[in-house]
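Let's take a walk through this structure together, stopping at its charged pairs, its surface, its pocket and a few backbone details. Keep the 3D view open as you read.

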Amino acid sequence: MLLNVLELLGIAVFAASGALAAVRAKLDVFGVVILALTTALGGGIIRDVLLGVHPPTSLRSWPYLLVAGVTGIVVFWFHPHVAKLRRSVLLLDAVGLGLFVTGGTTTALALGAPPYAACLIGMTTGIGGGAVRDLLLREIPLVLRREIYAVAALAGAVVVALGEWAGLPKGLVALTGASMIIAIRLVALWRKWNAPVARGLDG
Amino acid sequence: MLLNVLELLGIAVFAASGALAAVRAKLDVFGVVILALTTALGGGIIRDVLLGVHPPTSLRSWPYLLVAGVTGIVVFWFHPHVAKLRRSVLLLDAVGLGLFVTGGTTTALALGAPPYAACLIGMTTGIGGGAVRDLLLREIPLVLRREIYAVAALAGAVVVALGEWAGLPKGLVALTGASMIIAIRLVALWRKWNAPVARGLDG
Amino acid sequence: MLLNVLELLGIAVFAASGALAAVRAKLDVFGVVILALTTALGGGIIRDVLLGVHPPTSLRSWPYLLVAGVTGIVVFWFHPHVAKLRRSVLLLDAVGLGLFVTGGTTTALALGAPPYAACLIGMTTGIGGGAVRDLLLREIPLVLRREIYAVAALAGAVVVALGEWAGLPKGLVALTGASMIIAIRLVALWRKWNAPVARGLDG
């Protein structure tokens, strides 16, 4: 129950990030809603396409669609206020990332993917929606450039895969993985951690 | 029979829009043909990947491939003449959109997708090819910015889903959905309808 | 055995091309590794998604993942030296293309795709990774613009499909197809062959 609420919050936050980016790119209201939907549901759709779940769960879950669509419309109308909530949005985004990655990894393992494949698919579940958002808006995906985002996702996925391999209780494993992702992201934001860039390039 | 001819016309028009965009981006002849193929077949391929139809129908239908490929070559050689046919192309594009969306929605329902998922998949079948075209050419997809394009597609898909849910004859339902999409698109073009953009952005 | 070594070399070369492009786009080390993985494995993942192989073979093969990931890290640290190996990289890229295309075509035929679908899927297996790399880095895919790249891939795929249709031994067919791709690419690079661009455009 709490998990469902958190999951819908994650969907809403991802949808809001897509809608905000679309508003800034001056898309019309339908473009904004489409970006909200693809950002919120894109990671899960990629996960299901890779795992052979047809049609993708996200498209079959009307609460997901409803929350993502309504969030898009709300952001379209109230975007200056949403943009002010930057800190809360980053916090919720970390929560969403944690839930999506651990959920994606667990699903992949349950469907028989080997552990390293499950980790990659779990990571993709978390970062895929944002990557699609940036591609549609003609940006180099932020996840490839931003402070410790993909690596936080991968670390959480690895924790889940190791935990399930060791036979620990699934709920505990998922909770640990998600908490770790959230913690890494918050510390990275707080300390402005960034991964190194290659040396030897001019400029 | 008439439906098959219309469908191939739709394929040809979508292929021509991809090929024209590729010619303008100065791709070579192979790039032009690849853009023609991906624009014409992209929506159907995305539909089949989401629904688990392997390999995608479009890749198994040689008339589709032939029409799309030949259209690409024709546009490569005669593109100044094709560009002059702008009005006819927009009309045929509306017809293609109508057929692709209603076909995609019907297929999704037939394969057991719930109605709202079928609507989204049907919409994606119609707008997916153009989105892939724009992504490959590094444009923000036109469908996210253009007059009432995605919403016409969605409206037609909803009509089909409602009609089939009500148990109306499938042919009638598809015809109504497609006609509605074509009508909305033509009126939007004629009246230069555009969806609203968010307020409060400078410039 | 030799084939496995060549295949891993192909993976490494494709990974290096993704990593080099990522270094130039100033991605951080994780972005570089992700680009290495997606470029090396992207074509195979697209092939498996189209053919319904779940989860994709590339994600289940740890040697592929290991080679691609390590190559990404090596390029990140030693990129000025790798960039100097341009000729060797182009040669190995031709070998990788030949192996990926013939492997993709053979797999598609084995899974029951009709010959023309198998050719398109085989071609996509070879050129898909590079296309994903360029899309993520916001470039028009090089394959749409570069000397005789897609057409070399397609020609090799057609040879494989014709050979298997004629009932020739599979090993011989694959070898012939791959050799042809490698030969076309090397001659195209040596003679600076390029496909024609449409006339009648200013500039």
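In this predicted model, Asp134(A) forms a salt bridge with Arg133(A), and the closest N and O atoms are 2.9 Å apart. Both partners are out of the solvent: Asp134(A) is buried, and so is Arg133(A). Chain B offers a pair to set beside it, as the side chains of Asp134(B) and Arg133(B) meet in a salt bridge with an N to O distance of 2.9 Å. Here Asp134(B) has a relative accessible area of 8%, while Arg133(B) has 11%. Buried means under 20% relative accessible area, so Asp134(B) is buried at its 8%, and Arg133(B) is buried at its 11%.

Now turn to chain C, where Asp48(C) and Arg47(C) are joined by a salt bridge at 2.9 Å, N to O. Asp48(C) counts as buried because its relative accessibility is 1%, and Arg47(C) counts as buried too, at 13%. How many salt bridges are there over all chains? The count comes to six. As general background, side chains of opposite charge can pair when their charged atoms come close.

What about covalent links between cysteines? A disulfide is a covalent bond between the sulfur atoms of two cysteines. The structure holds zero disulfides over all chains. If you would like to look at cysteines anyway, Cys119(A) is buried, with a relative accessible area of 8%, and Cys119(B) is buried at 9%.

Next, move out to the surface. Which residues make the nonpolar patch of about 800 Å²? They are Trp62(A), Leu66(A), Val70(A), Ile73(A), Val74(A), Trp77(A) and Phe78(A), together with Tyr116(B). Helix H4 of chain A, residues 62-84, gives the most to this patch, with seven residues. Tyr116(B) comes from chain B, where its place is in helix H6, residues 115-136. With a relative accessible area of 30%, Tyr116(B) is partly exposed.

From the surface, let's go to the largest pocket, which has a volume of about 1100 Å³. Its lining counts 35 residues, and those nearest the centre are Arg86(A), Val89(A), Leu90(A), Leu142(A) and Arg146(A). The elements that give two or more residues to this lining are helix H1 (2-24), H4, helix H5 (86-110), helix H6 (115-136) and helix H8 (170-191), of chain A. Helix H4 of chain A is therefore a good element to keep in view, as it also gives seven residues to the nonpolar patch.

Finally, a few backbone details deserve a look. In chain B, the peptide bond from His54(B) to Pro55(B) is cis, with omega near -20 degrees. Pro55(B) lies in the loop between helix H2 (29-51) and helix H3 (57-60) of that chain. In chain C, the peptide bond from His54(C) to Pro55(C) is cis as well, with omega near -20 degrees, and Pro55(C) lies in the loop between helix H2 (29-51) and helix H3 (57-60) of chain C.

Two residues other than glycine have a positive phi worth checking. Phi of Arg138(B) is near 65 degrees, and this residue sits in the loop between H6 and helix H7 (150-165) of chain B. Arg138(B) is partly exposed, at 38% relative accessible area. Lys26(C) has a positive phi of about 60 degrees and is found in the loop between helix H1 (2-24) and H2 of chain C. Lys26(C) is partly exposed, with a relative accessible area of 41%.

Note on methods:
Residues numbered from 1 in each chain as written. Chains lettered and ligands numbered in written order. Predicted model: local features only at pLDDT ≥ 70, side-chain atom pairs only at ≥ 80, totals over all residues. Heavy atoms only, no water. Patch = residues over 30% accessible without salt bridge, like charges linked within 9 Å, V, L, I, M, F, W, Y side chains within 5 Å. Areas by Shrake-Rupley, 256 points an atom, 1.4 Å probe, with all protein chains shown as cover. Salt bridge = Lys/Arg side-chain N within 4 Å of Asp/Glu carboxyl O. Helix = DSSP H or I, 4+ residues; strand = E, 2+ residues; numbered from the N terminus. Buried < 20%, exposed > 50% of the residue type's maximum accessible area, 1.4 Å probe, protein only. Disulfide = S-S within 2.5 Å. 1 Å grid on protein atoms, 1.4 Å probe; cavity = no way out; pocket = protein on both sides within 12 Å on 5 of 7 lines; lining within 4 Å. Points joined across faces, edges and corners; volume = space filled by probe spheres on them.
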